Each structure stands twice: as C-alpha cells, then as structure tokens.
Amino acid sequence: MKTMRILLTLAATAAGTPALAQDASEFQGPRAEATIGLDQLRFDLANVGSDGRAKQSDLGYGFAIGYDAAVTPKLLVGVEGGVNLSDLHAITGDATDGGELRQRRELTLAGRIGTPLTANTLLYGKVGYANLQVREDQTVASVTDSQKRDLDGVLVGAGLEVKMTPTAYWKSEYRYTNYADGYSSNKVLTGVGIRF
C-alpha cells in the first residue's frame, strides 16, 4: 500500500505539470520491456510440511511484450504477456525433517488501461492471469518427497510510464497476485522499454 501511495503522489505531481498535449496516441503501438525489482512471496507452510504462514523476498527480473491502442485522446487500452524469474527460496526445519520451497518462473497475460497525465507520462492499471511454478520439498526422517506445481492466479497492478525519447520509456510498477493454495506475491518493479 505504501508503494501505491507513492505512485498516486507521483501521478498527482505529474498531473499538475503543464503540458502542451496529453494524447494517448503518443503511447500506442507494439512494445517490449525488461524489468527488475523486489519479489516477495507469501505462502502457507503446510505446503512444505510445517504450520503457519511465512514470506520470503528476493530479486526478481522479467521480460514482456505488448500492444497498446488509443481509443480516445485520454484513454489507452492494451494487452501484454510476460515471463518473470526469481531465485527466491525458503527453508524450514533441517536436512532430516524439514521443507524447502523454490519459486521457479511466472507467466502472465494481462490487459491494461491508461490515461496520459502529461505529454510524456502515462498512468495505468492492469488486471490479468498469472501462472506460478514452484517446487516443494518435504523431508521426513531423511526421506525427501519433491513435487513441482503450477499455480493459477489473478494479478492486479498500477504504474507510471515515462517517455525518455520518442521510442524509449522508463516505468515503475506495483503488482499483487493471489494464487491458489495459500500463495500470494507482491512485486515492486522498475524497468525500461521500447516502442516499435
């Protein structure tokens, strides 16, 4: 929520900046981007043979491609698909009796809607589908049972996109995803992209 307040504050500041034109068509077309940031996973410890809930954070990075179209001068709609990777893992107990969780990869497909705040700044929100792959290991009496699972989820997010050149842009985004079986994630991302 703190990140969301920061984004809204930036949006309000940008909205107060005079601009000669605020046209959504300046942000349309195909695009590709790379991101990096904080990836926090929350999960039920029952998934690795323990009790309670836990969270673990690590560096995450990803890539996405998308297409945006201006439907009015003030409204942009688009779609994007992405791949996110992380080295995030958590360990409970010990080598004799315990568990280990590893996040492997996430695939996303989302729609987004945005509005220009200035000639160079776009405020957007997004909602879509995510599929998270994790590996869960449970060890009892030195015998380990391992399984790889694909978890479906719903993602929501918001961000700012700022044009640095006519084709290149910088972005900052907060994203929350709720998966099956007690998994959820918070991501705070920054990145760069290019429009074609």
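Student: What share of the contacts in the protein chain with a separation of 6 or more comes from residues 24 or more positions apart?

Tutor: Keep in mind that this is a predicted model, where local features need pLDDT of at least 70, side-chain atom pairs count only at pLDDT 80 or more, and totals for chains, interfaces and linings use all residues. Residues are numbered from 1 along each chain as its sequence is written, and side-chain values use heavy atoms, with hydrogens and water left out. A contact here means heavy atoms within 4.5 Å. Of the protein chain's contacts with a separation of 6 or more, the share from residues 24 or more positions apart is 63%.

Student: OK, and in what order do the elements of the protein chain run from the N terminus on?

Tutor: Elements are DSSP runs numbered from the N terminus: helices are H or I with at least four residues, strands are E with at least two. The protein chain has one helix and nine strands. Starting at the N terminus, the order is α-β-β-β-β-β-β-β-β-β.

Student: How much of the protein chain is made up of buried residues?

Tutor: Buried means under 20% relative accessible area, exposed means over 50%, and partly exposed is in between (1.4 Å probe, protein chains only). The protein chain has 196 residues, and the buried part of them is 44%.

Student: Which element gives the largest share of the largest nonpolar core?

Tutor: A nonpolar core is a set of buried Ala, Val, Leu, Ile, Met, Phe, Trp, Tyr and Cys residues joined through side-chain atoms within 4.5 Å. The largest one has 14 residues, with L41, F43 and Y183 touching the most other members. Two or more residues each come from β1, β5 (98-116), β6 (121-140) and β7 (143-163). The largest share, three residues, comes from β6.

Student: L41 sounds busy. Which residues does L41 touch, not counting those up to four places away in sequence?

Tutor: L41 is one of the core members that touch the most others. Beyond four places in sequence, the list of what L41 touches includes A54, K55, Q56, L88, L101 and Q103, and it goes on with L132, Y183, S184 and S185.

Student: Let's go hollow-hunting. Which element gives the most to the lining of the largest cavity?

Tutor: A cavity is a set of points on a 1 Å grid over the protein atoms alone where a 1.4 Å probe fits but cannot get out, and lining residues have an atom within 4 Å of a point. There are two cavities of 30 Å³ or more, and the largest holds about 90 Å³, with 14 lining residues of which E33, F63, A64, N84 and R175 are closest to its centre. Two or more lining residues each come from β1 (29-44), β2 (53-72), β3 (75-86) and β8 (168-179). With five residues, the element that gives the most is β3.

Student: How many residues does β1 give to the lining of the second largest cavity?

Tutor: The second largest cavity has about 50 Å³ of space, a volume being the space filled by probe spheres set on grid points joined across faces, edges and corners. Its lining includes T35, G37, L38 and D39, along with G60, Y61, G62, N84, L85, K187 and L189. At least two residues each come from β1, β2, β3 and β9 (184-195). β1 gives the most to this lining, and its number of residues is four.

Student: Is G62 buried or exposed?

Tutor: G62 lies in strand β2, and it touches E33, A34, T35, V83 and N84, leaving out residues up to four places away in sequence. Its C-alpha is 5.9 Å from that of L85, 23 residues apart in sequence. Because its relative accessible area is 1%, G62 is buried.

Student: What is the C-alpha to C-alpha distance between V83 and E106?

Tutor: V83 sits in strand β3 and counts as partly exposed because its relative accessibility is 35%. Leaving aside neighbours within four places, V83 is in contact with Y61, G62, F63, E106 and L107. V83 and E106 are 23 residues apart in sequence, yet C-alpha to C-alpha they are separated by 5.8 Å.

Student: What is the phi of D181, which is not a glycine?

Tutor: Most residues other than glycine have a negative phi. D181 is in the loop between β8 and β9, and counts as partly exposed because its relative accessibility is 42%. Although D181 is not a glycine, its phi is positive, at about 60 degrees.

Student: Last one: how far apart are the C-alpha atoms of F196 and P30?

Tutor: F196 is in the segment after β9 and counts as exposed because its relative accessibility is 66%. Beyond its neighbours within four places, F196 is in contact with P30, R31 and A32. F196 and P30 are 166 residues apart along the chain, but their C-alpha atoms are separated by 5.7 Å.

Terms used
On a 1 Å grid over the protein atoms alone, a cavity is a set of points where a 1.4 Å probe fits but cannot get out, and a pocket is an open set with protein on both sides within 12 Å along at least five of seven lines; lining residues have an atom within 4 Å of a point.
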